Amino acid sequence: MSNKKTVSILLIALSTLLVIAGCGGGNKTVDIGGNNAIPTAGDKVTVKFMHIWPQGSSAQQNKLVNEIIAQYQTEHPNVTIQQEVLENEQYKNKLKILSASNELPDVGVTWAAGFMDPYVKGDLFASLDDLLGGSLKDQFVPGTTDAYALGGKTYGLPIELNISPIYYNKAIFEKYHLEVPQTYDQFLNVVKTLADNDTAPIALGNKDRWTGSMWYMYLADRLGGPETLKKAIDRTGTFEDPALIQAAAEIQKLVDMNAFNKGFNGLSNDEGKAEFMNEKAAMFLAGTWEIPNFTSNPDVPREFKDKVGFFKFPTVDGGKGNINSWVGGPGVGLFVAENSKIKDEAKKFVEYFIDKWGAESVSTAGVIPATKVDTSSSILPQMYIDLLNELNNASNLTLFADVQMKPNAAQTHLNMIQALFGEAVTPEQFAKEHEAALQKGE
């Protein structure tokens, strides 16, 4: 059976479940008379909220979530927010299981674009356009909600926004009399100087593959401009565009220059990051989710934090890209289950959560929100201020490639990234495999 037929059957099965279950799933404690009924003041309502910030691995986010929930429950004494907290991969697996039986939580976490696609097609996520037209209107950084829109409707609201600078160790640069590169040729000279002095130029853990994808995406952007990769993915263009093939060739040139730490293709992102944190590598490309490690994390020595700076991915001579074009995009967002019995109350909680998260996430959790931040009203580390200002000046934000793609194509992309860095495929084969996967539309 083809994957396309399998998806069609699953969607039919989900539609059947919707008909059979009616308003089933969601909260079972109180029936308030249909999906759109508004609870009266005396009704006791339980909102089931499933998220990805456990206390152990996401302590600051967990703290903020609990503060927001406590505030909401105080202001809405008839409402109880019932949490279920899981690590990322466990969360994704459970979401699939719950969707099959039409028992999604009232409010949950989702990723954008391709990840949302099957849930939206299965009529499992509610449209949140009414919230965007209400108190949240004009509150989001322009473009951040686009990745959560399918078929002209918005089915998730982002709470995080990430851009990906190249962090660097200022002490290592000073040791070898290196300056922050503005052009790609200058960058290659930095790489060569460090490699010639037996210092790993770049920390990378490419076992996770999306880490290497960011290097490829930036080269694709700087060579072909921001639309070339996007068009190849949305099928108005091709992955066999000369700029995308050249970007793959440049990756292998970096590998041949020993630009990355030893064993990078077999190391996880955390293991690769450790090369930078332990000052064994001079540079590290990562999202702004890493800023707490370089500013506020009490477990990281101040001596090291003071050595970390960042720069924008350099421009390529003759390329079409702009230095103010970033790889990144919205992080996770919140959804409301279409078949929640308490959909209106769930939407109220989402609206409240996004407002409070936007106001507190930078200072409390070190997370840049998808809503606009007034840096003058908060006392923030300078790196945050500098990157928030860069965000205000961004000419483009290219969403992570694997997030842009549908699930099967995304897996091909990630596998090909690892093969490219391992020099197991040529740049031409790399492009051809992508083109074949994207043509299938799965």
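1. Let me start with one cut-off: a residue counts as exposed when its relative accessible area is over 50%, and as buried when that value is under 20%. Please also keep in mind that this is a predicted model. With that cut-off, Ile 379 is exposed, because its relative accessibility is 87%. You will find Ile 379 in the loop that connects α14 (343-365) with α15 (382-392). If you want a landmark, Val 362 is 17 residues away along the chain, and the C-alpha atoms of Ile 379 and Val 362 are 9.8 Å apart.

2. Next, have a look at the five-stranded sheet. Its strands are ordered β2-β1-β3-β13-β6, and the sheet is open with mixed pairing. Which strands stand at the edges? They are β2 (79-85) and β6 (157-158); each has a single partner strand, so one side of each is left without a neighbour in the sheet. Further in, β1 (residues 45-51) pairs with β3 (residues 107-110) in the parallel sense, over 2 bridges. A handy place to check this pairing is Met 50, which stands opposite Gly 108 in β3.

3. Two helices deserve a mention with this sheet. Helix α2 (residues 59-75) packs on the sheet and touches β1 and β2, and its direction makes about 160° with that of β2. Helix α3 (residues 88-100) lies across four strands, namely β1, β2, β3 and β13 (333-336). Relative to β1, helix α3 runs at about 130°.

4. There is also a three-stranded sheet, again open and of mixed pairing, with the order β7-β12-β14. Here β7 (161-163) and β14 stand at the edges; each has a single partner strand, so one side of each lacks a neighbour in the sheet. On average, neighbouring strands of this sheet are turned by 40° against each other, direction ignored. Helix α8 packs on the sheet, where it touches β12 and β14, and the direction of α8 makes about 130° with that of β12.

5. The strand β12 is worth a closer look. How many of the residues of β12 are buried? The count is 6 of its 6 residues, so to speak a mostly covered strand. On one hand, β12 and β7 run antiparallel and are joined by 3 bridges, with Leu 161 opposite Pro 330 in β12. On the other, β12 and β14 pair in the parallel sense over 4 bridges, and Ser 325 stands opposite Asn 396 in β14.

6. Now to the contact between α8 and α9. Two packed helices are described by the angle between their axes and the distance between the axes. For α8 and α9, that angle is about 115° and the axes are 5 Å apart. From α8, the contact is made by Tyr 216, Met 217, Asp 221 and Gly 224, and from α9 by Pro 226, Thr 228 and Leu 229. Sorted by class, these comprise 4 nonpolar, 2 polar and 1 charged residues.

7. Let us turn to empty space. Rolling a probe the size of a water molecule over the atoms shows where such space is left. The second largest pocket holds about 910 Å³. It is lined by 33 residues, and the closest to its centre are Ala 113, Ala 147, Lys 230, Leu 399 and Gln 404. Two or more lining residues come from each of β4 (149-150), α9 (226-234), β12 (325-330) and β14 (396-399). Which element gives the most to this lining? That is α9, with 5 residues. The lining of this pocket divides into 16 nonpolar, 9 polar and 8 charged residues.

8. Finally, the cavities. The whole structure has 2 cavities of 30 Å³ or more, and the second largest has a volume of about 40 Å³. Its lining includes Trp 215, Met 214, Thr 211, Asn 269 and Phe 284. The elements that give two or more residues to this lining are α8 (210-224) and β10 (281-285), and α8 gives the most, with 3 residues. By class, the lining of the second largest cavity has 6 nonpolar and 3 polar residues, with no charged ones.

Conventions
Residues numbered from 1 in each chain as written. Predicted model: local features only at pLDDT ≥ 70, side-chain atom pairs only at ≥ 80, totals over all residues. Heavy atoms only, no water. 1 Å grid on protein atoms, 1.4 Å probe; cavity = no way out; pocket = protein on both sides within 12 Å on 5 of 7 lines; lining within 4 Å. Points joined across faces, edges and corners; volume = space filled by probe spheres on them. Nonpolar A, V, L, I, M, F, W, Y, C, P; charged D, E, K, R; others polar. Pairing = 2+ DSSP bridges. Axes fitted to C-alpha atoms, helices over the stretch in contact; angles between N-to-C directions. Contact = heavy atoms within 4.5 Å. Buried < 20%, exposed > 50% of the residue type's maximum accessible area, 1.4 Å probe, protein only.
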